[in-house]
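Trainee: I am new to this structure and would love a close look at one part of it. Could you start from a single residue and then lead me outward, step by step?

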Amino acid sequence: MKGWATVAAALLGMTGQAVAGPCTPGDIVVKFATVVSATDNPKGIAARIFADRVNHEMAGKLCVIVYPDSTLYDDDSVLQAMLQGDVQLAAPSLSKFEAFTKVFRLFDLPFLFPDLQAVDAFETSPAGARMKSSMAGRGLAGLEFWHSGMKQFSANRPLLHPGDAKGLKFRIQPSEVIAASIRALEAHPLSIAFSDVPDALATGVVDGQENTWSNIYAQKLYAVQDGITETNHGVLEYLVVTSADFLRSLPPDIRSQFLDILHQVTVERNAAVTAVEARSRAAIIAAGGRIRTLTPAERAEWVAAMQPVWGQFRSDVGPDNLAAAEAAARQTGTVQTGADAPGG
Ligand code: LMR
(Lines give C-alpha, C1' and ligand atoms only; values in the text may rest on other atoms or scores of the structure.)
Protein backbone atom coordinates (compact mmCIF):
# COMPACT_ATOMS: atom_id res chain seq x y z
CA MET A 1 0.00 0.00 0.00
CA LYS A 2 1.23 3.46 -0.91
CA GLY A 3 0.26 5.18 2.36
CA TRP A 4 0.59 8.67 3.75
CA ALA A 5 4.01 7.92 5.21
CA THR A 6 5.27 7.33 1.69
CA VAL A 7 3.66 10.53 0.48
CA ALA A 8 5.14 12.54 3.33
CA ALA A 9 8.57 11.07 2.72
CA ALA A 10 8.26 11.91 -0.93
CA LEU A 11 7.17 15.44 -0.17
CA LEU A 12 9.92 16.12 2.25
CA GLY A 13 12.81 14.69 0.26
CA MET A 14 16.40 15.72 0.83
CA THR A 15 16.18 18.66 -1.52
CA GLY A 16 12.84 19.86 -0.18
CA GLN A 17 11.46 19.27 -3.69
CA ALA A 18 8.27 17.26 -4.05
CA VAL A 19 8.80 14.05 -5.94
CA ALA A 20 6.23 11.62 -7.24
CA GLY A 21 6.55 9.15 -4.31
CA PRO A 22 3.17 7.44 -4.46
CA CYS A 23 3.08 7.29 -8.26
CA THR A 24 4.23 4.59 -10.63
CA PRO A 25 5.09 5.07 -14.32
CA GLY A 26 1.91 5.42 -16.38
CA ASP A 27 -0.22 6.76 -13.48
CA ILE A 28 -2.30 9.86 -14.06
CA VAL A 29 -0.77 12.26 -11.53
CA VAL A 30 -3.05 14.51 -9.46
CA LYS A 31 -1.25 17.25 -7.57
CA PHE A 32 -3.38 18.45 -4.65
CA ALA A 33 -2.26 21.82 -3.25
CA THR A 34 -3.40 23.05 0.18
CA VAL A 35 -2.34 25.93 2.41
CA VAL A 36 -2.92 24.09 5.69
CA SER A 37 -0.98 21.60 7.75
CA ALA A 38 -1.40 17.93 6.96
CA THR A 39 -2.23 16.99 10.54
CA ASP A 40 -4.09 19.57 12.61
CA ASN A 41 -6.63 20.79 10.13
CA PRO A 42 -9.85 19.17 8.87
CA LYS A 43 -8.80 19.84 5.26
CA GLY A 44 -5.29 18.51 5.82
CA ILE A 45 -6.65 15.33 7.41
CA ALA A 46 -9.25 14.82 4.67
CA ALA A 47 -6.68 15.41 1.91
CA ARG A 48 -4.34 12.86 3.49
CA ILE A 49 -7.05 10.21 3.86
CA PHE A 50 -8.28 10.85 0.32
CA ALA A 51 -4.76 10.51 -1.11
CA ASP A 52 -4.11 7.34 0.86
CA ARG A 53 -7.32 5.75 -0.37
CA VAL A 54 -6.79 6.72 -4.01
CA ASN A 55 -3.19 5.61 -3.95
CA HIS A 56 -4.21 2.25 -2.53
CA GLU A 57 -7.43 1.59 -4.43
CA MET A 58 -6.40 3.07 -7.78
CA ALA A 59 -2.79 1.87 -7.79
CA GLY A 60 -1.44 1.67 -11.32
CA LYS A 61 -4.13 4.01 -12.68
CA LEU A 62 -4.06 7.34 -10.86
CA CYS A 63 -2.14 8.78 -7.91
CA VAL A 64 -2.60 11.83 -5.68
CA ILE A 65 0.29 13.82 -4.22
CA VAL A 66 -0.69 16.26 -1.48
CA TYR A 67 1.35 19.44 -1.09
CA PRO A 68 0.43 20.93 2.33
CA ASP A 69 1.38 24.28 3.94
CA SER A 70 1.37 26.33 0.69
CA THR A 71 4.43 24.37 -0.51
CA LEU A 72 3.13 24.28 -4.10
CA TYR A 73 0.77 27.27 -4.44
CA ASP A 74 -1.01 29.65 -2.13
CA ASP A 75 -4.69 30.36 -2.55
CA ASP A 76 -4.04 33.52 -4.58
CA SER A 77 -2.33 31.62 -7.37
CA VAL A 78 -3.71 28.09 -7.22
CA LEU A 79 -6.83 28.54 -9.37
CA GLN A 80 -4.96 30.19 -12.21
CA ALA A 81 -2.33 27.43 -12.01
CA MET A 82 -5.15 24.89 -12.18
CA LEU A 83 -6.54 26.43 -15.35
CA GLN A 84 -3.05 26.17 -16.84
CA GLY A 85 -2.85 22.48 -15.91
CA ASP A 86 -0.05 22.91 -13.35
CA VAL A 87 -2.09 21.56 -10.43
CA GLN A 88 -5.16 19.32 -10.57
CA LEU A 89 -6.84 19.61 -7.19
CA ALA A 90 -7.23 22.25 -4.48
CA ALA A 91 -9.72 23.09 -1.77
CA PRO A 92 -9.61 26.85 -1.20
CA SER A 93 -12.08 28.37 1.18
CA LEU A 94 -15.21 29.73 -0.46
CA SER A 95 -13.95 33.25 0.30
CA LYS A 96 -11.25 32.77 -2.32
CA PHE A 97 -13.39 32.42 -5.45
CA GLU A 98 -14.29 36.10 -5.82
CA ALA A 99 -12.62 36.33 -9.23
CA PHE A 100 -14.75 33.45 -10.55
CA THR A 101 -18.18 33.78 -8.97
CA LYS A 102 -20.05 35.90 -6.45
CA VAL A 103 -22.52 33.23 -5.31
CA PHE A 104 -20.17 31.88 -2.65
CA ARG A 105 -20.45 35.24 -0.90
CA LEU A 106 -23.44 33.60 0.74
CA PHE A 107 -21.18 31.55 3.01
CA ASP A 108 -19.45 34.66 4.36
CA LEU A 109 -22.65 36.41 5.46
CA PRO A 110 -22.19 36.91 9.21
CA PHE A 111 -24.40 34.86 11.52
CA LEU A 112 -26.15 33.07 8.64
CA PHE A 113 -25.27 29.49 9.55
CA PRO A 114 -25.50 28.74 13.27
CA ASP A 115 -23.52 25.48 13.03
CA LEU A 116 -22.13 22.89 10.64
CA GLN A 117 -25.39 20.91 10.64
CA ALA A 118 -27.05 23.92 9.03
CA VAL A 119 -24.22 24.17 6.50
CA ASP A 120 -24.70 20.47 5.68
CA ALA A 121 -28.43 20.92 5.28
CA PHE A 122 -27.89 23.79 2.85
CA GLU A 123 -25.13 22.12 0.84
CA THR A 124 -27.19 18.99 0.30
CA SER A 125 -30.25 21.02 -0.74
CA PRO A 126 -30.83 21.56 -4.49
CA ALA A 127 -29.71 25.21 -4.17
CA GLY A 128 -26.49 24.24 -2.40
CA ALA A 129 -25.71 21.41 -4.81
CA ARG A 130 -26.22 23.75 -7.81
CA MET A 131 -23.59 26.12 -6.45
CA LYS A 132 -20.84 23.58 -7.06
CA SER A 133 -21.21 24.06 -10.81
CA SER A 134 -21.38 27.85 -10.65
CA MET A 135 -17.93 28.20 -12.27
CA ALA A 136 -18.43 25.78 -15.16
CA GLY A 137 -18.30 28.67 -17.63
CA ARG A 138 -14.92 29.69 -16.19
CA GLY A 139 -13.32 26.27 -16.60
CA LEU A 140 -13.53 25.15 -12.95
CA ALA A 141 -15.49 22.14 -11.72
CA GLY A 142 -16.57 22.19 -8.07
CA LEU A 143 -16.57 18.62 -6.77
CA GLU A 144 -17.38 18.58 -3.05
CA PHE A 145 -17.82 20.98 -0.15
CA TRP A 146 -15.52 20.30 2.80
CA HIS A 147 -16.12 21.76 6.24
CA SER A 148 -13.49 23.55 8.25
CA GLY A 149 -15.53 24.94 11.12
CA MET A 150 -17.11 28.00 12.70
CA LYS A 151 -15.00 31.16 12.85
CA GLN A 152 -13.96 32.99 16.02
CA PHE A 153 -12.49 36.46 16.47
CA SER A 154 -9.23 37.18 18.23
CA ALA A 155 -7.33 40.41 18.86
CA ASN A 156 -4.57 41.97 20.90
CA ARG A 157 -7.15 43.25 23.34
CA PRO A 158 -10.30 41.71 24.84
CA LEU A 159 -13.28 41.59 22.49
CA LEU A 160 -16.57 41.30 24.36
CA HIS A 161 -18.64 43.99 22.66
CA PRO A 162 -18.55 45.01 18.97
CA GLY A 163 -17.27 48.42 20.08
CA ASP A 164 -14.11 46.72 21.39
CA ALA A 165 -13.09 46.07 17.78
CA LYS A 166 -13.40 49.72 16.78
CA GLY A 167 -10.26 51.07 15.13
CA LEU A 168 -8.44 47.70 15.10
CA LYS A 169 -6.93 46.18 11.95
CA PHE A 170 -8.13 42.66 11.18
CA ARG A 171 -6.55 40.13 8.85
CA ILE A 172 -9.18 38.77 6.50
CA GLN A 173 -9.41 36.42 3.55
CA PRO A 174 -9.95 38.17 0.20
CA SER A 175 -13.72 38.49 0.60
CA GLU A 176 -15.88 41.55 0.04
CA VAL A 177 -18.45 40.27 2.54
CA ILE A 178 -15.87 39.78 5.28
CA ALA A 179 -14.40 43.22 4.52
CA ALA A 180 -17.85 44.78 4.85
CA SER A 181 -18.48 42.88 8.09
CA ILE A 182 -15.26 44.21 9.61
CA ARG A 183 -16.10 47.75 8.48
CA ALA A 184 -19.49 47.33 10.15
CA LEU A 185 -17.52 47.03 13.41
CA GLU A 186 -15.76 50.33 12.54
CA ALA A 187 -12.56 48.30 12.19
CA HIS A 188 -10.17 47.97 9.24
CA PRO A 189 -9.95 44.81 7.09
CA LEU A 190 -6.64 43.81 5.51
CA SER A 191 -6.45 40.84 3.15
CA ILE A 192 -3.34 38.76 3.91
CA ALA A 193 -2.30 35.29 2.70
CA PHE A 194 -2.90 32.52 5.22
CA SER A 195 0.78 31.63 5.56
CA ASP A 196 1.62 35.23 6.54
CA VAL A 197 -0.95 35.58 9.33
CA PRO A 198 1.26 34.57 12.31
CA ASP A 199 3.91 37.14 11.35
CA ALA A 200 1.34 39.83 10.57
CA LEU A 201 -0.11 39.44 14.07
CA ALA A 202 3.25 39.12 15.82
CA THR A 203 4.66 42.23 14.19
CA GLY A 204 1.55 44.37 14.57
CA VAL A 205 0.74 44.66 10.87
CA VAL A 206 -2.73 43.66 12.07
CA ASP A 207 -4.27 43.57 15.55
CA GLY A 208 -6.71 40.73 15.12
CA GLN A 209 -8.11 38.04 12.88
CA GLU A 210 -10.97 35.58 12.46
CA ASN A 211 -10.60 31.88 11.84
CA THR A 212 -11.53 28.39 12.98
CA TRP A 213 -10.25 26.73 16.15
CA SER A 214 -8.06 24.39 14.09
CA ASN A 215 -6.42 27.18 12.11
CA ILE A 216 -5.94 29.29 15.26
CA TYR A 217 -4.36 26.29 16.97
CA ALA A 218 -2.19 25.06 14.08
CA GLN A 219 -0.82 28.54 13.39
CA LYS A 220 -0.38 29.22 17.15
CA LEU A 221 -2.29 32.48 16.74
CA TYR A 222 -3.49 32.25 20.35
CA ALA A 223 0.12 32.86 21.42
CA VAL A 224 0.25 36.29 19.78
CA GLN A 225 -3.25 37.46 20.72
CA ASP A 226 -4.76 38.65 24.00
CA GLY A 227 -7.49 36.07 23.63
CA ILE A 228 -10.07 34.46 21.37
CA THR A 229 -13.74 35.33 21.60
CA GLU A 230 -16.10 32.48 20.86
CA THR A 231 -18.35 34.34 18.46
CA ASN A 232 -19.15 31.56 15.95
CA HIS A 233 -20.00 34.48 13.68
CA GLY A 234 -19.28 32.77 10.38
CA VAL A 235 -18.32 29.57 8.70
CA LEU A 236 -15.10 28.55 6.95
CA GLU A 237 -16.00 26.18 4.19
CA TYR A 238 -13.96 24.75 1.32
CA LEU A 239 -14.72 23.69 -2.22
CA VAL A 240 -12.70 20.81 -3.62
CA VAL A 241 -12.15 22.00 -7.15
CA THR A 242 -10.48 20.83 -10.33
CA SER A 243 -10.31 22.08 -13.88
CA ALA A 244 -13.14 21.07 -16.19
CA ASP A 245 -10.54 20.11 -18.82
CA PHE A 246 -8.74 17.76 -16.45
CA LEU A 247 -11.98 16.12 -15.33
CA ARG A 248 -13.06 15.62 -18.94
CA SER A 249 -9.67 14.14 -19.83
CA LEU A 250 -10.08 11.24 -17.37
CA PRO A 251 -11.29 7.92 -18.79
CA PRO A 252 -14.89 7.41 -17.55
CA ASP A 253 -14.13 4.45 -15.24
CA ILE A 254 -11.18 6.23 -13.64
CA ARG A 255 -13.17 9.46 -13.26
CA SER A 256 -16.03 7.67 -11.62
CA GLN A 257 -13.82 5.75 -9.14
CA PHE A 258 -11.90 8.94 -8.30
CA LEU A 259 -15.13 10.89 -7.69
CA ASP A 260 -16.68 8.04 -5.67
CA ILE A 261 -13.71 7.90 -3.31
CA LEU A 262 -13.76 11.68 -2.99
CA HIS A 263 -17.45 11.63 -2.12
CA GLN A 264 -17.03 8.87 0.47
CA VAL A 265 -14.15 10.71 2.15
CA THR A 266 -16.20 13.93 2.08
CA VAL A 267 -19.15 12.39 3.90
CA GLU A 268 -16.91 10.68 6.45
CA ARG A 269 -14.68 13.68 7.19
CA ASN A 270 -17.42 16.33 7.20
CA ALA A 271 -19.16 14.28 9.89
CA ALA A 272 -15.96 14.34 11.97
CA VAL A 273 -15.15 18.05 11.75
CA THR A 274 -17.05 19.18 14.85
CA ALA A 275 -14.93 16.78 16.91
CA VAL A 276 -11.68 17.91 15.23
CA GLU A 277 -12.57 21.52 15.99
CA ALA A 278 -13.42 20.71 19.61
CA ARG A 279 -10.02 19.05 20.00
CA SER A 280 -8.28 22.18 18.68
CA ARG A 281 -10.29 24.37 21.04
CA ALA A 282 -9.27 22.19 23.98
CA ALA A 283 -5.65 22.18 22.78
CA ILE A 284 -5.60 26.00 22.72
CA ILE A 285 -6.71 26.06 26.36
CA ALA A 286 -4.16 23.39 27.28
CA ALA A 287 -1.44 25.49 25.61
CA GLY A 288 -2.37 28.53 27.71
CA GLY A 289 -4.58 30.37 25.20
CA ARG A 290 -7.43 32.44 26.63
CA ILE A 291 -10.96 31.89 25.33
CA ARG A 292 -13.78 34.29 26.14
CA THR A 293 -17.37 33.25 25.77
CA LEU A 294 -20.22 35.71 25.22
CA THR A 295 -23.46 36.03 27.15
CA PRO A 296 -26.57 35.86 24.94
CA ALA A 297 -26.93 39.63 25.30
CA GLU A 298 -23.32 40.26 24.24
CA ARG A 299 -23.72 37.93 21.30
CA ALA A 300 -26.87 39.73 20.21
CA GLU A 301 -24.81 42.96 20.05
CA TRP A 302 -22.42 41.35 17.53
CA VAL A 303 -25.32 40.05 15.47
CA ALA A 304 -26.92 43.50 15.42
CA ALA A 305 -23.65 45.17 14.42
CA MET A 306 -22.67 42.79 11.62
CA GLN A 307 -25.80 41.30 10.18
CA PRO A 308 -26.93 44.45 8.33
CA VAL A 309 -24.23 43.73 5.72
CA TRP A 310 -26.50 41.02 4.30
CA GLY A 311 -28.44 43.72 2.52
CA GLN A 312 -25.42 44.73 0.41
CA PHE A 313 -24.93 41.23 -1.01
CA ARG A 314 -28.45 39.89 -1.47
CA SER A 315 -28.36 40.12 -5.28
CA ASP A 316 -24.84 38.63 -5.56
CA VAL A 317 -25.76 35.51 -3.62
CA GLY A 318 -29.23 35.18 -5.13
CA PRO A 319 -32.38 35.66 -3.02
CA ASP A 320 -33.38 32.02 -3.60
CA ASN A 321 -30.04 30.77 -2.32
CA LEU A 322 -30.35 32.99 0.73
CA ALA A 323 -33.88 31.72 1.39
CA ALA A 324 -32.64 28.11 1.10
CA ALA A 325 -29.77 28.82 3.49
CA GLU A 326 -32.12 30.44 6.01
CA ALA A 327 -34.43 27.43 5.76
CA ALA A 328 -31.46 25.13 6.42
CA ALA A 329 -30.47 27.26 9.41
CA ARG A 330 -33.99 27.01 10.82
CA GLN A 331 -33.97 23.25 10.28
CA THR A 332 -31.20 22.75 12.83
CA GLY A 333 -33.30 24.54 15.43
CA THR A 334 -30.63 27.01 16.46
CA VAL A 335 -31.46 30.12 14.45
CA GLN A 336 -29.32 33.18 15.22
CA THR A 337 -30.68 36.05 17.23
CA GLY A 338 -32.10 38.53 14.77
CA ALA A 339 -31.48 36.23 11.79
CA ASP A 340 -34.86 37.00 10.36
CA ALA A 341 -34.31 40.73 10.20
CA PRO A 342 -31.20 41.41 8.14
CA GLY A 343 -30.88 44.82 6.57
CA GLY A 344 -32.01 45.22 2.96
C1 LMR B 1 -7.60 31.31 5.50
O2 LMR B 1 -7.02 31.90 4.57
O3 LMR B 1 -7.69 31.78 6.63
C4 LMR B 1 -8.18 29.93 5.25
O5 LMR B 1 -8.88 29.94 4.06
C6 LMR B 1 -7.09 28.92 5.23
C7 LMR B 1 -7.64 27.53 5.05
O8 LMR B 1 -7.51 27.00 3.97
O9 LMR B 1 -8.17 26.99 6.03
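Trainee: Leaving aside its neighbours within four places in sequence, which residues is Leu221 in contact with?

Mentor: Happy to walk you through it. Keep in mind throughout that this is a predicted model. Leu221 sits in the loop between α8 (213–218) and β8 (227–243). Once neighbours within four places in sequence are set aside, its contacts are Val197, Pro198, Leu201, Gln209, Asn215 and Ile216. The relative accessible area of Leu221 is 1%, so this loop residue counts as buried; the cut-off for that word is under 20%. To get a sense of scale, pick out Trp302: Leu221 and Trp302 are 81 residues apart in sequence, and their C-alpha atoms are 22 Å apart in space.

Now follow one of those contacts, Gln209, because its side chain makes a polar contact of 2.8 Å with the side chain of Ser154. Ser154 belongs to strand β4 and is buried too, with a relative accessible area of 1%. The side chain of Ser154 has another polar contact, at 2.6 Å, with the side chain of Gln225. Beyond four places in sequence, the contacts of Ser154 are Leu159, Phe170, Gly208, Gln209, Gln225, Gly227 and Ile228.

Strand β4 takes us to the next stop, helix α6 (residues 176–184). Its buried residues are Val177, Ile178, Ala179, Ala180, Ser181 and Ile182. They pack against strands β4 (140–155), β5 (169–172), β6 (188–191) and β7 (208–212), and also against helices α11 (296–306) and α12. Look at both ends of α6 as well. At the N-terminal end, Ser175 acts as a cap, with a side-chain oxygen 3.3 Å from the backbone nitrogen of Val177. Just past the helix, Glu186 has a positive phi of about 60°.

From α6 we can step to α12 and look at how helices meet. Two packed helices are described by the angle between their axes and the distance between the axes. Helix α12 (residues 310–317) and helix α13 (residues 319–331) have axes that come within 6 Å and cross at roughly 110°, which means α12 is roughly perpendicular to α13. On the α12 side the meeting residues are Trp310, Arg314 and Val317, and on the α13 side they are Pro319, Asn321, Leu322 and Glu326. By class, this contact has four nonpolar, one polar and two charged residues.

Helix α13 also packs with helix α4 (residues 116–123), at an angle of about 135° and with the axes 8 Å apart. These two helices are therefore oblique to each other, and α4 passes α13 in a right-handed crossing. Ala118, Ala121 and Phe122 of α4 make the contact with Asn321, Ala324, Ala325, Ala328, Ala329 and Gln331 of α13. Seven of these residues are nonpolar, two are polar and none is charged.

One more helix pair is worth a visit. The axes of α2 and helix α10 (residues 252–286) come within 9 Å and cross at roughly 150°, so α2 is roughly antiparallel to α10. The crossing is right-handed. Among the residues making this contact are Ile45, Ile49 and Phe50 of α2, together with Phe258, Ile261 and Val265 of α10. The whole contact divides into twelve nonpolar, two polar and five charged residues.

Stay with helix α2 (residues 42–57) a moment longer, since Asn55 is found there. Its relative accessibility is 0%, so Asn55 counts as buried. A polar atom of its side chain lies 2.8 Å from the backbone nitrogen of Val64.

Let's finish with a strand residue that is less hidden. Lys31, in strand β1 (residues 28–33), is partly exposed because its relative accessible area is 27%. Apart from neighbours within four places in sequence, Lys31 is in contact with Ile65, Tyr67, Leu72, Asp86, Val87, Gln88 and Leu89. Lys31 and Met82 are 51 residues apart in sequence, while their C-alpha atoms are 9.7 Å apart in space.

Technical notes: Residues numbered from 1 in each chain as written. Predicted model: local features only at pLDDT ≥ 70, side-chain atom pairs only at ≥ 80, totals over all residues. Heavy atoms only, no water. Helix = DSSP H or I, 4+ residues; strand = E, 2+ residues; numbered from the N terminus. Buried < 20%, exposed > 50% of the residue type's maximum accessible area, 1.4 Å probe, protein only. Polar contact = N/O pair within 3.5 Å; in protein donor to acceptor, adjacent residues only side chain to side chain. Axes fitted to C-alpha atoms, helices over the stretch in contact; angles between N-to-C directions. Parallel < 35°, antiparallel > 145°, perpendicular 65-115°, else oblique. Left-handed = near helix turned anticlockwise from the far one by under 90°. Contact = heavy atoms within 4.5 Å. Nonpolar A, V, L, I, M, F, W, Y, C, P; charged D, E, K, R; others polar.
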